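Let's take a walk through this fold, one piece at a time. Have the viewer open and follow along.

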Amino acid sequence: MIACSVNELEALTRRASRGAGLTWGLAEDAGKAMRWLAVRGWPGGALIARHLERYDGVPYAEVAPKISGAEWSARSRDICPVIAGAALSDRARDLAPGRPLTLSSVAYPALLCAFLGRAARSTDTVFEVRWPGVVIQCRAGGLRVETGDTSAIETDRAENVVVECLPDDPDARSSSALADSIEMAPEDWARLKRLAARTYVPASTESRIRGAGAGTTDND
């Protein structure tokens, strides 16, 4: 396993998301969301690494949800949870109890919980996310699994994901112990590193001359 700080995971996720083709704005959202999951002990880094590798270079229009009424769907692929998660965050205050929203065919649905958890913190709301075999409540203090085992939660695809706003119950509020470091499998870390590498501009003779240091002259 590879140990890293949550700061490192956030930065690497941001660059890997951009390297896979997401905009810098969505990449920033992805980094913050994965940090939110990581400090609460969830394997967001592994899931985002696998998702980004699979969706590497896929056009935005194919995986962005078509936002229409109470059901969202993508044009030709499973919905990207980063794009959908950012959209849900933007519309969090519009969700109301008793008016569930259904997302059709979502890749790595657990990643949605990171965005909704962060939204819950800013709206004092509870969001329940459901897909077959799984029910997770996203609260300001963290995530609470009502139903679901590890394999169901970490699935790479859910046919239908339902998001619903619930009345907040102060008695059910809880805060998770926050971690400042995590461990990731080497193959997942390598996935993120490979995609992130695309955002680094190779050094050229001109850039070395303009930058700090001796440039191409050895002064020793």
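Start with the open sheet of seven strands, which runs in the order β2-β3-β4-β8-β5-β6-β7 with mixed pairing. At its edges you'll find β2 (66-68) and β7 (142-147), each with a single partner strand, so one side of each is left without a neighbour in the sheet. On average, neighbouring strands here are turned by 25° against each other, direction ignored. Keep in mind that you're looking at a predicted model.

Now zoom in on one pair of strands in that sheet. β5 (residues 126-131) and β6 (residues 134-139) run antiparallel and are joined by five bridges. If you want a spot to click on, take V129, whose bridge partner in β6 is I136. Packed on the sheet is helix α6 (residues 112-123), which touches β4 (101-107), β5, β6, β7 and β8 (157-166). The direction of α6 makes about 35° with that of β6.

Next, swing over to another pair of strands, β1 and β9, which pair in the antiparallel sense over four bridges. Here C4 has I182 in β9 as its bridge partner. In a regular strand the side chains alternate between the two faces of the sheet. You can see that along β9: I182 and M184 point to one face and are buried, while S181 and E183 point to the other and are not.

What does helix α8 pack against with its buried residues? They meet β1 (2-5), α1 (6-19), α3 (44-54) and β9 (181-184). In α8 itself (residues 186-196), the buried residues are D188, W189, L192, L195 and A196. Look down the axis of α8 and these fall within an arc of 130°, so they line one face of the helix. The general rule behind such a pattern is that an α-helix has 3.6 residues a turn, so residues three or four places apart point the same way.

L192 turns up again in the largest nonpolar core, a set of 69 residues where L103, F127 and L192 have the most contacts. Leaving out residues up to four places away in sequence, L103 touches W72, I79, A84, L88, L112, E159, N160, V161 and V163.

Finally, step back to the whole chain. It has nine helices and nine strands, and buried residues make up 47% of its 220 residues. Of the contacts with a separation of 6 or more, 70% come from residues 24 or more positions apart. The chain exposes about 10,900 Å², with carbon and sulfur atoms supplying 46% of that area.

Key:
Residues numbered from 1 in each chain as written. Predicted model: local features only at pLDDT ≥ 70, side-chain atom pairs only at ≥ 80, totals over all residues. Heavy atoms only, no water. Buried < 20%, exposed > 50% of the residue type's maximum accessible area, 1.4 Å probe, protein only. Helix = DSSP H or I, 4+ residues; strand = E, 2+ residues; numbered from the N terminus. Arc of directions from axis to C-beta. Contact = heavy atoms within 4.5 Å. Pairing = 2+ DSSP bridges. Core = buried A, V, L, I, M, F, W, Y, C linked by side-chain atoms within 4.5 Å. Axes fitted to C-alpha atoms, helices over the stretch in contact; angles between N-to-C directions. Areas by Shrake-Rupley, 256 points an atom, 1.4 Å probe, with all protein chains shown as cover.
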